[in-house]
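Trainee: I would like a close look at a single part of this structure. Please take me through the strand pairing there and then place that part in the wider assembly.

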Number of protein chains: 2
Amino acid sequence: MNLEVLEEISITTPSKIVMLVIDGLGGLPDIKTRKTELETAFTPHLDKLASSGACGLIDPIGPGITPGSGPAHLALFGYDPIKFRIGRGVLEALGVGFELTEGDIAARGNFCTIDENGLITDRRAGRISTEKCAELCSLLSQIKLDGVETFVLPVREHRFMLVLRGEGLNPDLNDTDPQKVGSAPCVAAAESPEAQFTADMVNRFIEESKKILKKHYPANMILLRGFSRLPAIPSMSEIYKLKPVAIARYPMYKGLAKLVGMKVFSVEGDFKEELKVLAECYAEHDFFFIHVKEADSAGEDGDFMRKVKVIEQVDSALPALLALKPDVLVVTGDHSTPALLKGHSWHPVPILICSSWCRHSKATRFSELACALGELGRISALEVMPLAMAHALKLSKFGA
Amino acid sequence: MNLEVLEEISITTPSKIVMLVIDGLGGLPDIKTRKTELETAFTPHLDKLASSGACGLIDPIGPGITPGSGPAHLALFGYDPIKFRIGRGVLEALGVGFELTEGDIAARGNFCTIDENGLITDRRAGRISTEKCAELCSLLSQIKLDGVETFVLPVREHRFMLVLRGEGLNPDLNDTDPQKVGSAPCVAAAESPEAQFTADMVNRFIEESKKILKKHYPANMILLRGFSRLPAIPSMSEIYKLKPVAIARYPMYKGLAKLVGMKVFSVEGDFKEELKVLAECYAEHDFFFIHVKEADSAGEDGDFMRKVKVIEQVDSALPALLALKPDVLVVTGDHSTPALLKGHSWHPVPILICSSWCRHSKATRFSELACALGELGRISALEVMPLAMAHALKLSKFGA
């Protein structure tokens, strides 16, 4: 649904919506048992919710499209991820918990190796350790540019984040990473006249970096890509008139939530700790995004049984959430991460929505199969927020 | 499907389409029986149609969006209700059966109460009787404006409709209703230069009304909102090459049908009377929209069993319709009106399409549940006309 229409019909009410996102929830069947991770897990609470609520499958971006976590979450919050693109640099900055401000230009960086002729021999500098990366980042942080502040933060192994802050910056630059060995790193060139100053600053930064890194072989050069800045995105409180809260443990998800105007509660510990925070902030807010990362990590590792266990742990902790009696509970994932594929996939994601306003469900389990036959049908992730809002009676009639 | 494509591929054939719209058809399960209104009703004819036709669920506007009757019907006729917005004033005019012509500006009016300082004390003038409203409307009808004709018609209680007719009018005005007591009514201000003349006329009308109403406390002032004119909408005969007919009993639905170029047959009496009119005009036309209002009214009143009865009455009268052997029969609703919610809702609406060209159906009942599992799946109401046209073999191939 388009955001203008949603903004027009959204109203504030005392009802509360909890959106529990089990990252990478959807899976593929194990070859022997023919059951997915979710179908293998013992999930009495989720099953009961599925039998009283409405089930379906969501496509994060569209059938066949495997999403990254950024666009997948944007879609869940109702923002078309094809319209609101989050650049690679911005995503990296969100991922390390860097507080981007409007106008900042972020880039994803790689330490790399160049030979005596300046040609790239390894785009990842032999995957230096994260410790080494941190050490090099603090060296690069000392580079001074006229009128532009720089921030260099380590990500993992050879990866880092670069942010430029200052007046008149513009992200309209090509990548300096040629994406192949045997070539020299590209020069940052402005793709529009407004970006010339930024191109000059970036090239100066690269030159200075090269000097500093000379004696740090194999990490003797840098490559930059995905120059970008925060997308202009209307907040969830503007559109939905909500007081939204994010309860998450990983920086990128907290950053994404901040991007759409959620108040972010950081949690150390596990899902149970997240639920304690939920209970504490429950009275003061009306929308709660709770993020569980571990199912995705297990899927990425190809560890089927670990993913099953994560799902079971979430299920067994659910009574503390249900005790709050949210008016609407949505349980879903941002995308599928089948252990079989060891990565994100395009498969649609199971969803259940519980409220007092559901039709029957024939589901006796919360599973890919039951959801495929569910009342919600197969819908776009963009429909999740309108449905959650509707079930909370927070949308007035469209037209008379 | 976009209208340009439909216009390109639509062809005229002798086949006939009947679209039976049971207003507010979809429901929610009764808490005790766990059956919806439709599932409670004894509907042998509809069930038989469901078992031989194709079933599904339609979203009038989109998942989660509760539609008004205007946009919901537009969608059923294939017009995107987000693109073709019908203003409040126009809808009010359609609702009282006023024949709007191109260029007319319509507004919804309220009689209200103001105190000696001109501040609103009651936005509804104590909900004066419809008779009193009619009396006051005829007084306001005597107001003369230079070059602009005015029409003032009572709606119900404190509500009325104002139409301005003349050269150079433009609806780009703010509401004069501040939507709260304690404020003075707003002045109508032009939101674009083209609307300045209209603003002047409206303000003159309000001044004159105030003088006339002085001695009619509590209805001593008026508030106007939703200034609008007929949307420019291509007719169903242009797009679908049909000779379409509407058989309806309530002014708003007749007005909507006229808006999209249907020939309108007014009917007094019940659904059986509508079917008599259908039989009479059947030979001369090829598309028939039949509207049954009472299911919605029962739902709005929260009267579950009355809604059940309306559905049963429709079912028992169906043989007269089936005797005409329409090539395509569509049975659906414009939106859901669950008795449990006492109002329109966002829940998708059961639909069945019967023709000689349906795949199997597993349905043994026409119900929300059977439709959720039906061959059509969950589709937008905008797809109903293309499907009906296709089943009538009235759409040629797209591309070679």
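Mentor: Happy to. Two strands count as paired if DSSP finds at least two bridges between them, and the elements themselves are DSSP runs numbered from the N terminus, with at least four residues for a helix (H or I) and at least two for a strand (E). This is a predicted model, in which local features need pLDDT of at least 70 and side-chain atom pairs count only at pLDDT 80 or more, while totals for chains, interfaces and linings use all residues. Residues are numbered from 1 along each chain as its sequence is written, with chains lettered from A and ligands numbered from 1 in the order in which they are written.

A word on confidence before we zoom in. pLDDT is the predictor's confidence in each residue, from 0 to 100; chain A averages 95, and 100% of its residues score at least 70. For the complex, the predictor gives an ipTM of 0.88 and a pTM of 0.89.

Let's begin in chain A with strand E8, residues 244–248. Here 5 of its 5 residues are buried, meaning that 20 or more other C-beta atoms, placed from the backbone, lie within 10 Å of a residue's own (12 or fewer would be exposed, and in between partly exposed). A:Pro244, A:Ala246 and A:Ala248 point one way, A:Val245 and A:Ile247 the other, and all are buried.

E8(A) pairs in the parallel sense with strand E9 (residues 263–266) of chain A over 4 bridges, and A:Val245 has A:Lys263 as its bridge partner there. Helix H9 (residues 251–259) joins E8(A) and E9(A) in a right-handed β-α-β unit: with the strands pointing away from the viewer, the path from the first strand over the helix to the second runs clockwise. E8(A) also pairs in the parallel sense with strand E10 (residues 287–292) of chain A, again over 4 bridges, with A:Ala246 opposite A:Phe289.

Now switch to chain B and look at E10(B). 6 of its 6 residues are buried, so this strand is largely enclosed by the rest of the structure. On one side sit B:Phe287, B:Phe289 and B:His291, and on the other B:Phe288, B:Ile290 and B:Val292. Strand E1 (residues 17–22) of chain B runs parallel to E10(B) and is joined to it by 6 bridges, one partner pair being B:Ile17 and B:Phe287. Strand E8 (residues 244–248) of chain B pairs with E10(B) in the parallel sense over 4 bridges, and B:Ile247 stands opposite B:Ile290.

Within that strand, B:His291 is buried, with 26 other C-beta atoms within 10 Å. Leaving out residues up to four places away in sequence, B:His291 touches B:Val21, B:Asp23, B:Ala248 and B:Tyr253, where contact means C-beta atoms, placed from the backbone, within 7 Å.

Finally, the assembly. Superposed by least squares on the C-alpha atoms of residues with pLDDT of at least 70 in both copies, chain B can be laid on chain A with an RMSD of 0.2 Å by a turn of 125° and a shift of 0.1 Å along the axis. The two copies are thus related as by a three-fold rotation axis. Only 7% of the interface residues of chain B are also interface residues in chain A, so the copies meet through different surfaces. The contact takes 29 residues from chain B and 20 residues from chain A, and H13(B) supplies the largest share of chain B's side, 3 residues.

Definitions and conventions
Contact = placed C-beta atoms within 7 Å.
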